[in-house]
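Subject: Structure handover

Hello,

Here is the structure we spoke about, with its sequence. Please load it before reading the notes underneath.

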Amino acid sequence: MALFTGALPLVPMASGSSFAQQDKGPNVVALGGGHGLSASLSALRLLTSELTAIVTVADDGGSSGRLREEYGVLPPGDLRMALSALCDDTDWGRTWRDVMQHRFQPGQGAGGSLDNHATGNLLIVTLWELLGDAVAGLAWAGALLGARGQVLPMSTVPLTIEGEVRVTAPNGESALATVSGQARCAVAGSLEQVRLLPADAPACREALTAIELADWVILGPGSWYTSVLPHLLLPEMREALCNTAAKRCLAMNLAMDTKETSGMTAADHLHVLRRYAPDFKVDVVLADPESVVDVPAFRDAAAMIGAEVVMGKVGASGSRPVHDPLRLATAYQDIFGNS
């Protein structure tokens with residue numbers, strides 16, 4: 001039975017904080033999942049307090065997969081990561097970010113049911129059980145963390161990603177095999193005929209409203225088939241993204257040839273979106289120059305979805321393909337300012 005806990009608590013803004021002294025900034029909605037969305041939110045929270053994250057809910061691996069299977073809830077992992085990314089860079093924010101991200105490791109004993117669960121996943125599921133409402137539970141979690149923005153699921157029901165992958169049949173001929181589940185799709189190679197189940201899954205009402213009222217919608221970066229594309233596969237959300245009066249920015253990944261996108265170029269990534277959502281148009285595509293090998297082909301592909309290409313150094317120093325929050329924030333700020 002749902003428990004009514006009263007008004008949300010408010011965490012005081014840090015005294016003298018530059019964030020407290022700046023304008024609210026544009027109303028921004030960021031869509032995606034996992035590490036890609038987390039990187040985008042870490043940058044965007046430096047620019048605006050009017051920030052909404054809309055998160056994929058198809059994860060079926062690890063702690064999230066176990067909780068989803070055992071309790072029938074939305075997979076909380078990507079939602080947890082989004083909340084953590086919205087924590088302020090204060091003692092309060094850093095502490096709660098670390099609490100949310102803490103993962104239980106097998107101890108000296110025989111091990112138990114908490115092994116490899118993230119604390120934040122357990123907290124979110126607890127709030128869902130107490131409140132009986134996914135959106136309200138995330139709002140309470142955000143209030144506890146002092147999150148600078150709100151986090152919403154893309155759908156109110158757990159989703160399953162399916163696709164077809166080309167395999168070699170015993171007779172040596174090429175054939176299509178069905179791959180089901182985000183964890184398997186993420187390592188299957190280039191997918192075809194990607195779809196979401198249930199096909200008639202409802203979009204989160206609050207998420208649709210946020211898209212309608214936004215000044216800017218940011219899609220990506222993130223795993224292309226399992227974090228970015230799903231937002232365009234859910235019918236109500238695709239319609240909202242196509243019809244919103246907001247400007248649209250597509251943030252490209254730093255690594256193009258991954259297990260999920262084996263053999264694909266930067267231009268191929270754009271062709272995928274156009275194939276699944278031909279009516280979806282973009283105003284700006286943001287890409288790091290080191291991630292685009294064939295720039296003319298990339299610009300041509302961007303033009304087919306109505307977009308201008310903005311090249312900017314947004315990757316962190318080092319060998320790993322990770323976005324730098326400050327560089328990404330600078331790129332977003334330039335894009336917002338030139339609109």
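What follows is a summary of the findings, from overall dimensions down to single residues.

Please keep in mind that this is a predicted model.

Overall dimensions

The protein has 339 residues, and its radius of gyration of 20 Å agrees with the value near 20 Å that a compact globule of that length would have. Along the principal axes, the C-alpha atoms fill a box of roughly 60 × 50 × 40 Å. The secondary structure consists of 15 helices and 10 strands. Half of the chain is covered, with buried residues making up 50% of the 339. Among contacts with a separation of 6 or more, 70% are between residues 24 or more positions apart.

The accessible surface comes to about 15400 Å², and carbon and sulfur atoms hold 52% of that area. As for charge, there are 24 positive and 36 negative side chains. The centres of these two sets lie 2 Å apart.

Helix H2

Helix H2 spans residues 34-44. Of its 11 residues, 10 are buried, so the helix is mostly covered under the cut-off of 20% relative accessible area. The buried set consists of Gly34, Gly36, Leu37, Ser38, Ala39, Ser40, Leu41, Ser42, Ala43 and Leu44. What do these buried residues pack against? Their partners are strands E1 and E2, helix H4 (77-85), strand E7 and helix H15 (325-337).

Salt bridges

The count of salt bridges comes to 10. One of them joins the side chains of Lys24 and Glu50, at 4.0 Å from N to O. Lys24 sits in the loop between helix H1 (18-21) and strand E1 (28-32), while Glu50 sits in the loop between H2 and strand E2 (51-55), so this pair links distant parts of the chain, 26 residues apart. Lys24 is exposed at 55% relative accessible area, whereas Glu50 is partly exposed at 31%.

Arg195 takes part in two of the pairs described here, with Glu162 and with Glu164. In the pair with Glu162, the N to O distance is 3.2 Å. Arg195 belongs to strand E6 (residues 192-197) and Glu162 to strand E4 (residues 160-168), so the bridge ties together parts that are 33 residues apart in sequence. In the pair with Glu164, the closest N and O atoms are 2.7 Å apart. That pair also runs from strand E6 to strand E4, here with the two positions 31 residues apart in sequence numbering.

Are these three side chains set in buried or exposed positions? Arg195 is partly exposed, with a relative accessible area of 26%. Glu162 is buried at 15%, and Glu164 is buried at 8%.

Elsewhere, Asp89, Asp91 and Arg94 are linked in a network of salt bridges.

Backbone geometry

Most residues other than glycine have a negative phi, and most peptide bonds are trans. Some places in this model depart from that, and you may want to look at them.

Where are the cis peptide bonds listed here? One joins Leu197 and Pro198, with omega about -5 degrees. Pro198 is in the loop between E6 and helix H9 (205-213). Another runs from Gly220 to Pro221, with omega near -5 degrees. Pro221 is in the loop between strand E7 (216-219) and helix H10 (224-228).

Gln193 is not a glycine, yet its phi is positive, at about 50 degrees. Gln193 lies in strand E6, and its relative accessibility of 47% makes it partly exposed.

Ser227

Ser227 lies in helix H10. At 4% relative accessibility, Ser227 counts as buried. Which residues does Ser227 touch, not counting those up to four places away in sequence? They are Gly32, Gly33, Thr56 and Gly222.

Strand E6 recurs in these notes: Arg195 is placed there, and so is Gln193. The loop that holds Pro198 starts from the end of E6 and leads to helix H9.

Regards

How values were computed: Residues are numbered from 1 along each chain as its sequence is written. This is a predicted model: local features need pLDDT of at least 70, side-chain atom pairs count only at pLDDT 80 or more; totals for chains, interfaces and linings use all residues. Side-chain values use heavy atoms; hydrogens and water are left out. Helices (H or I, at least four residues) and strands (E, at least two) are DSSP runs, numbered from the N terminus. Buried means under 20% relative accessible area, exposed over 50%, partly exposed in between (1.4 Å probe, protein chains only). The radius of gyration is taken over C-alpha atoms; the globule rule is 2.2 Å times the number of residues to the power 0.38. Contact means heavy atoms within 4.5 Å. Accessible areas come from the Shrake-Rupley method with a 1.4 Å probe; for residues, only the protein chains shown count as cover. Lys and Arg count as positive and Asp and Glu as negative; His and the chain ends are not counted. The place of a charge is taken as NZ of Lys, CZ of Arg, CG of Asp or CD of Glu.
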